[in-house]
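Thanks, everyone. I would like to take you through a few backbone details and one interface, so please keep the view open while I talk.

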Amino acid sequence: MVNRRSFARAFAAAGALAFAAGALVPAAAHAQKPLKIGFSMALTGGLAGAGKAALIAMEIWREDINKKGGLLGRQVEFVYYDDATQPAKVPPIYSKLIDVDKVDLVVSSYGTNEIAPAMPIVMRKKLVFPSLFGLAVNDEFKYNRYFQIMPAGPEPKVDWSRGYFELAMEQNPKPKTVAIVAADAEFPINAATGARKNAQAKGLKIVYDKTYPPATTDFTPIVRAIEATSPDIVYVASYPPDSVGMVKAANEVGLKAKMFGGGMVGLQFAAIQKNLGPLLNNVVNYDFWVPEPTLKFPGVNEFLAKYRVAAKDKGVDPFGHYLPPFAYAYLQVLEQSVNAVKSLDQDKLAQHMHKTTFQTVVGEVKFGSNGEWARSRVLFVQFRDVQKDNLDQFAGPGKRIVLYPKNWKSGDIVYPYRK
Amino acid sequence: MFRSRADVVFWIVLAAVFAAGIVATQTWSNEYYFTAIYAILQATIMAVAWNILGGFTGYVNFGSAGFFAIGAYTAVALDKWLGLPMPFLILASATICGLMGLGVGYLTLRLKGVYFAIATLAMAIVLETLIVNWSYVGGSKGVYILTPETVPFFKSYIHLLFVVMLGLALAAIAVSRYLNASRVGRGLAAIRDDETAAECTGVPTLRLKLISTTLMGAMMGIAGAPYPFFVTFVDPASAFNLFVAVNSIAMPMIGGTAHWIGPVIGALLVGSLQEIMTVTISSAVNVLIVGVMLVLFITLAPQGIVGLVQKWHRRGKR
Amino acid sequence: MDLFLNAIVSGVLLGAFYAAVAVGLAITFGQLDIVNIAHPAFVVVGSYITWILNSRFGLDPVLVGVLAAPVFFFVGALLYRIYYAAFERTGQESLSGLAFFFGVMFIVEVILILVYGVDYRLVSAGYLGENLDIGFIGLPLRLFVPFVVASAMTAAVWLYLSRTFTGRAILAVAQDRLALQLMGADPVKIKQFAFGLAIATTAIAGSLLIMIGPVEPSLGRVYIGRAFAIVVLGGMGSIPGMVIAALLLGVTESFVSSFAGPSWAPAVAFGVLLLTLAVRPSGLFGRA
């Protein structure tokens, strides 16, 4: 006779496993009519600030397109899940989107950490994969249906900081030494690698080249150490809290470098700009879109106006100059391609995306063979005339002067950094 | 191994589950279930492993993420260096993390209770910093793992990973069950209840603790080895994530720490809940629910689900 | 030489702030043996309260911290009541208590996310951004003011614990609960008071945290390790020991940042902790 107790226990284990499996079977039927676009997005966790802002922008696109009659005559619906900025959540989400929710099109999450884990799945299913802000993801996968809307350029890691060094070398007398400092995290390390190559290509001597842990509280020792090497220019690659720390420390220590900035994420966000205020003056940093007259692309101001309304009280960046226009643009690229080939055939879409120059709210977009922008459009802007405690000054032109590339230049550099 | 009818039933169920898993890979077309269940299986191995030291022996390990991540990075390093196939990577991770566990075992000589827990936390942070500074495995930049397009026997790589993980999870459960009922397990329970008394009555406490920590370490390493291949992009921040540590503690606690089936129940329940919520409510509320569940269970059912079941059982018998 | 002295000064300023974060934990964990892993989460709540009152009413951050402290005290006392009823009374502490506070930590973090979103929050005050330069020693007020407030608060707590009846009762309840009962004090009430006091300190520590840098809901996590390391290193139950440990940690981080390479700083700090635990688990000044 089988011992009832042990059988019950074993049965419970099997039952629990069955329950787990069964609970995952979806009960919903498949809707045919709406056109579903699926993606995962960082709505909680470290990248949620940008993720939520991107989602708002994408929803605006969806409303716009549905007002125009939808895509291929079908209303567009989003199917998305929160990946909580955890790469491990991404594969199950994309499996569900493709196999269970049966979405018609997929786009990516935000950030290299969240884009990369989806690559094997979309590659296997041969899906077109418009991606939102990941640095050089396709260098590894070499997928011919990957399209990156971040305007880094054909060689993302190097193109990222090229403009900063070109600007530096235009000055008279030419700077001779550079300090490179980066946070110990994926994007800053990549940016620093590119900065190193650019510095060496221009014949600059690297006098400081270190990284710091992202949890660093006080940046004054780091800035002092940099100052002790007397660099002519300083290139910083950092995430928002460190960017704030570095700018404040640079001010407190009295950094005497002639150029300061480079790859600091966070200086594009309204709340941080307001808090740093005049400390930002003369910092030269990367950006992708600023409200300068040279960047007035068709539709961008209307979009930003809608964004401002939608973003109110949502705990995200109120102006949305950094990521949202690109989140809108990459869906425009998808929209224009679908309308051009008049189908959802992934192969035809991919071919169209490779050979077409798209007109979007962020200007002309043309992809190279590796899915990155054919020409880099990393802007380098300099903060000028920033007043204390004033949020609205950043809504309009005049505070972030575009210095590079030449096509979009809106002013000349103020050099050196220290007044 | 086959001492009683209960054992026979157990092995039959185990074999049946494994066979069902293989059949599923041939019949279910949706990959989603496999990716979701993979995550649950990983959590199960971690919970079972943690419980060997935490529930059976009474030493709280805060550094689960450290073992898991070293398991993952060992696999990454060997894959990059020698391109070894999966079984060897798993073996290597098990060995390295087992040795780590052994080291932690010696730590128990000096530290008890909360001090031990803090030491494991410190160890995880030191390991994370080491990995961050080791550029061969990508450092803080992270590292990409490319998985093969086609695999023998299975329709896709995910199916292969799923079956591997299923096998590992069932093996871990079997080991844990064996330990629970064996002389070693009774020795560990004695250590948990009162280590000094155990030592006095002749229980070889050091040897048993070393077995416990080594097993735990090896199992966590095994859970971590396939992870890079599942997620294809590993960086220290996500591998050493606090969530890994919290889950490995919460799941056994909710399931019940004294019995081998406790962590299994806890992992299946909480893991499924997390996977379901990721694709339904899907927001910060996920984390809130886990937190609330944890607090409720800890306050109202400290012996976990197993404890509740045992209470009802006893009440039924009267 | 410049760099060296400035590194020490920076380290001391930072260390004092770390001490302010850890002093509450030194009470709950160091003296009462309650593993309150949610302690840094409360500090973050303090930061958010500071942010709200600073951005809406323009109140000075330090003032907000001090005003919020009594409220936090009551919250702490209440939390202890729950903890006591669920765990201490039944003798279930350590593991269960730990898990309980884990849950509390997540709940606090998520409520912050749901209510305030995940964007970084900062405060502004007139003196943040100013510098106090004594010769070549730079004292940015952004770090100096927290240093002053932190030192004052830590000193006040220490004096309270060592000079007043209730304070000494707190020290006593950890060492010998029965003896304390025999002396006419209710151990549960004393512990409740102590826990409340510990949480009250997080209000002030939170206001300092957001003065030093931007804050977002999950920021507390990076301080868990630091705070526990400081308390253990200093020695359980010893406030002066905790302060010295905090200063040591601050100076070490500062030195590694200035001279070696900041990326090794966490390894150094926690390596020191591991070493201490291995060689002298009672910490620098702890009761053995």
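Before I turn to particular residues, let me fix one term: a residue is called exposed when its relative accessible area is over 50%, and buried when that value is under 20%. What you see is a predicted model, and with that in mind I begin with Lys342(A), which sits in the loop between helix H13 (324-341) and helix H14 (346-355) of chain A. Its relative accessibility is 64%, so Lys342(A) counts as exposed, and its phi is positive, near 55°. Asn282(A), in the loop between helix H11 (270-276) and strand E10 (284-287) of chain A, also has a positive phi, near 75°, but Asn282(A) counts as buried because its relative accessibility is 8%. As background, most residues other than glycine have a negative phi, and most peptide bonds are trans.

That brings me to the cis bonds in chain A, one of which joins Tyr404(A) and Pro405(A) with omega about 0°, while another joins Tyr415(A) and Pro416(A) with omega about 5°. Pro405(A) is in the segment after strand E14 (400-404), and Pro416(A) likewise lies in the segment after E14.

Now the interface, where 40 residues from chain C meet 35 residues from chain B. About 3,300 Å² is buried between these two chains, with carbon and sulfur atoms giving 85% of that area. Helix H3 (61-88), helix H4 (95-116), helix H9 (220-234) and helix H11 (265-279) of chain C each supply at least two residues to the side that touches chain B, and H4(C) gives the most, with 15 residues. That side of chain C divides into 32 nonpolar, six polar and two charged residues.

Conventions
Residues are numbered from 1 along each chain as its sequence is written. Chains are lettered from A and ligands numbered from 1 in the order in which they are written. This is a predicted model: local features need pLDDT of at least 70, side-chain atom pairs count only at pLDDT 80 or more; totals for chains, interfaces and linings use all residues. Side-chain values use heavy atoms; hydrogens and water are left out. Contact means heavy atoms within 4.5 Å. Buried area is the accessible area (1.4 Å probe) that two parts lose on being put together, summed over both. Helices (H or I, at least four residues) and strands (E, at least two) are DSSP runs, numbered from the N terminus. Ala, Val, Leu, Ile, Met, Phe, Trp, Tyr, Cys and Pro count as nonpolar, Asp, Glu, Lys and Arg as charged, and the others, Gly among them, as polar. Buried means under 20% relative accessible area, exposed over 50%, partly exposed in between (1.4 Å probe, protein chains only).
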